[in-house]
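Here are my comments on the model you sent, set out point by point. Please read them with the sequence and the coordinates open.

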Amino acid sequence: MEFFERFAIPHPSPLIYASMVAIGLTMIAIVVGITYFKKWGYLWREWLTTVDHKRIGMMYIISALLMLFRGGADAVMMRLQTAVPDNTFLDAQHYNEVFTTHGVVMIIFMAMAFIIGMMNFVVPLQIGARDVAFPRLNAISFWLYFAGAMLFNISFVIGGSPDAGWTNYFPLAGTEFSETVGVNYYMWALQISGIGTLMTGINFIVTILKMRAPGMTLMKMPMFTWSALITNVIIVFAFPVLTIALLMGTLDRQFGTHFFASTNGGMDMLWANLFWVWGHPEVYILILPAFGIYSEVISTFSQRNLYGYKSMVGSMVLISFMSFLVWVHHFFTMGHGPLVNGIFSITTMAIAVPTGIKIFNWLLTMWKGKIRFTVPMLYSVGFIPLFTIGGVTGVMLAIASADYQYHNTMFLVAHFHNVIIPGVVFAMLAGLTYWWPKMFGFMLNERIGKWGFWFLTVGFCLAFFPMYITGLDGQARRMYTYSEETGFGPLNMLSFFGAGLMAIAFILIVYNVYYSFRYAPRNVGQDPWNARSLEWATPNPVPHYNFSVTPVVNSSEAFWDSKKNGHQLFKDKIDKIHMPNNSGLPIIIAGLFFVFGFSFVFGIWVGVIAAAIGIFGCMAYRTFEKDHGHYIPVEEIQETEMKLEVRNNENR
Amino acid sequence: MKLKLAFIAFAMLLTTILAGCEPLLVLDPKGPQAETTANVIWLSILTMAIIVIVVITLLVIMLYKYRASKQSEDYEPPHIEGNPFVETIIVAVPVIIVLFLSIVSVKSTYEVESIPEGYDNQEPLVIYASSSNWKWHFSYPEQDIETVNYVFLPTNRPVEFRLYSYGPITSFWIPQLAGQKYAMADMVTKINIVAETPGDYGGRNANFSGEGFAENTFTATALTNDEFNKWVEEIHSTADQLTEEQFNKLLKPGHLGQMTFTGTHLEFAPAPEGEHGGHHHGETQEEGQSNHEDHSSHSNHEDHSSH
Ligand code: HEM
Ligand SMILES: [Cu+2]
């Protein structure tokens, strides 16, 4: 009996029971559905074992959208709870769990998955490659991320969610103050998906450095690819810090070490330092690919080449260095004297300079352009002023003396949502809408898309701008409630209203997918936006080998050149194509990691050992496996191309 | 166009909200520290507003002038690589702004970290503020009294709060008097405050510390010097002595109302500074040592860094 007791949730509530039932029913429905339609084989062959970067990208994006809804539900609950003073919708403990999971889910399992999904789908196409450098590693990365995400998400029905904030500061996150298994889940969910991310980093660096089409020198790469390269370099330097910090945290919690304890030579400040040495570069990991997407979108819909290509690249390289030199700004208030604070204050503000350069370059890209207000462009246009506001409030926070007043308040919350939502989320929606026809062969409805944009933008402003004010009025973040005398009530109500509008926006976006899937014409051709970079030179939908003939490139806008300047992209004749084989190993190994993590969370050592043996077994199997991929014969390629051509021509 | 309208509407909304309410706490300072930060905040808001306005204006111009619906069907936008002159400007202007704000930042940070100008000839009143889940304990070694969840300060006298925590990291914050500083279990941090106007000021722990965090508040009351001394005397004649046993009870997680004692817990549970610190390094050690000699009545305690 005791064995089972620890799986019970420590603070049950009707809401949690309801979600348990909902989760159970959904799972049953999915399993029954797949069985009924006899789709298990298809699912296994085409998706679960795939090593195709496009499909992996789509799976990342679908997972990210699911996580967006999970994190969004958390957000609405928080805003509801704080909408009026002394509310009792959630109690303190639940509120703490909800904001903790909200932060982790949104950053690690939503935003990260979204950007990695985008990179997966787009980068190989943009550089004229047929897949990433290590396709099977790529599948492992995805499935590890997925295992981590699932592990994190079951925490609230089995054993209890983490409740120490996404920043998980020790000693609060230590066993003394956080007794449930919640923080163990945090440690292992982030660890497992983090390892996946690190592999992605290596994989994409190699892909971008080694697999570009002939003629594509580094300075002829499309801007999104550049942003992906820099992002992955940051990943490779930053994520090992997280890995080690999490490991030390696990040792503290489960093996009685004292790395982050305040006794026996441990140091609670060490966690904060390690966390932000990873954490600050992490925010640039999120924003750089977004910058890449905006560069593509703004240039396409201004019908102009990107202004200041070199300074765009230069500023990103600069940002990648500097992002490692600013972490102390997250705890100016820790008491390390004006000298240290002064130095980090200056480095932090300095990082705003390359960021500013990019803003002006986008504005100058529109200059003398021919601007079309499509949905992706609307998001980009909305991004510029809103992100500028977020950026300048960042500079305000960087003034150490003033930060003593902003720190830990709603002002800070307003800042980072102001950069992450118009920065990252808008970019993902812009990118998704932009590349949607490449992914699925039809366009998303523009009218519904524009409604979604306006709801999201207005909702965002109403939800987050009031927080700047309540922050300056002394409202600390992470308070589950406040009294009426504080006067925070009306602005928090406004915030809740804004959150409601944002929720409607996301529902509209999902409805748009459904609507367009049913009604949108399928004959959009390979280049529906009149775009400029290489991915649009592929037929729709993209065959799994991407390019039947390797393209030859002479500028960062090779496709545009081929349309306007008579550049010949495809010179060679069709030859047989070497492609990697699908493999079930990635999903199996990730499943074992899930078992490993789950067992570790609860200290079920039998499970840990068994899963570890399984994982090493898989690796050993792989070492001795002979798998040299396969060739697609010329006839098959010609047949596919013919079909696609007929389809694409019909459409013109 | 829509964007511009939306922005104007928003700006109006903002001003009405701001105008209709009482001044925001952080911008309504009652002491030199908070005043410095309030001034820096206003200065930075103005500087940043210029940037935002420039960017939005440029954006609106671009969107208005270069939208497709305004151009002829066959207009082909030119290919423009970039221009060294323009690019110098877009680098130089942000650099100048950042330089300016860097100076402001460094200067004001030194300012708020030290005893405010005009008060540096006075000996600061030392008050130890320690947090435990979810309370604040204020110990006055000089006056030999201790309070829970409220603190009385004399006006126009520098007060040095020495902060530490029995438990999670907390952040000591009285918005109208000064910005925050963390309180941690293994070291003592300091914050200098001067209250210039008598009154009650809300204070709280601003750093999330678990279930009772929201209610982890206290009141700081600034009194004239005479009133303050009267208050101290009154306590000595009315309040009970704080015993170790009782203090340990107070440390248990939960909320307590306001309480008053004579004696301080520092006698049997010294602050983690000097030889009691979790880490023996630098500044804290030396200062702690001298401080330790000041009230070296504690001889028979075990190592108290193990809380
Ligand atoms: C213009 C450049 C930026 C500057 C100068 C800046 C500055 C800062 C500073 C000083 C803080 C710490 C404030 C405090 O804790 O008191 C902070 C927090 C934060 N910023 Fe920024 N920031 C910038 C851009 C960004 C971007 C682009 C992102 C993300 C895409 C971002 C995400 C965050 C997050 C997530 C936090 C803190 C989260 C937390 O404590 O939970 N920032 N920023
Ligand atoms: Cu940061």
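The points below take up the ligand shell, the two metal sites and one loop residue in turn.

1. This is a predicted model, and every distance quoted here is computed from its atoms. Around ligand 1 there are 22 residues, of which A:Trp166, A:Asp403, A:His407, A:His415 and A:Arg477 come nearest. Sorted by class, this shell is made up of 13 nonpolar, 7 polar and 2 charged residues.

2. As to where the shell comes from, helix 9 (268-301), helix 12 (375-398) and helix 14 (410-440) of chain A each contribute at least two residues to it. The largest share, 6 residues, is supplied by helix 12 of chain A.

3. Several polar contacts to ligand 1 deserve a look in the viewer. The side chain of A:Asp403 places an N or O atom 2.5 Å from an oxygen atom of ligand 1, while for the side chain of A:Trp166 the corresponding distance to an oxygen atom of ligand 1 is 2.9 Å. A nitrogen atom of ligand 1 lies 2.9 Å from an N or O atom in the side chain of A:His415.

4. Which protein residue is a donor of the iron atom of ligand 1? The only one is A:His415, through NE2 at 2.2 Å, and this histidine has its place in helix 14 of chain A, one of the helices that supply the shell around ligand 1.

5. The copper ion (ligand 2) has as its protein donors A:His280 (ND1), A:His329 (NE2) and A:His330 (NE2), which lie 1.8 to 2.0 Å from it. In sequence these donor residues follow the spacing H-x48-H-H. The copper ion (ligand 2) and the iron atom of ligand 1 are 4.7 Å apart, a distance to keep in view when the two sites are inspected together.

6. Are A:His329 and A:His330 buried or exposed? A:His329 counts as buried because its relative accessibility is 13%, and A:His330, at 19%, also counts as buried because the limit is under 20%.

7. A:Asn87 belongs to the loop between helix 4 (53-83) and helix 5 (92-126) of chain A. Its relative accessible area is 18%, so A:Asn87 is buried. A polar atom of the A:Asn87 side chain lies 3.0 Å from the backbone oxygen of A:Leu80. Setting aside neighbours within four places in sequence, A:Asn87 is in contact with A:Leu80, A:Gln81 and A:Thr481.

Conventions:
Residues numbered from 1 in each chain as written. Chains lettered and ligands numbered in written order. Predicted model: local features only at pLDDT ≥ 70, side-chain atom pairs only at ≥ 80, totals over all residues. Heavy atoms only, no water. Near = heavy atom within 4 Å. Polar contact = N/O pair within 3.5 Å; in protein donor to acceptor, adjacent residues only side chain to side chain. Helix = DSSP H or I, 4+ residues; strand = E, 2+ residues; numbered from the N terminus. Nonpolar A, V, L, I, M, F, W, Y, C, P; charged D, E, K, R; others polar. Donors = N, O, S within 2.8 Å, 3.2 Å for Na, K, Ca; no water. Buried < 20%, exposed > 50% of the residue type's maximum accessible area, 1.4 Å probe, protein only. Contact = heavy atoms within 4.5 Å.
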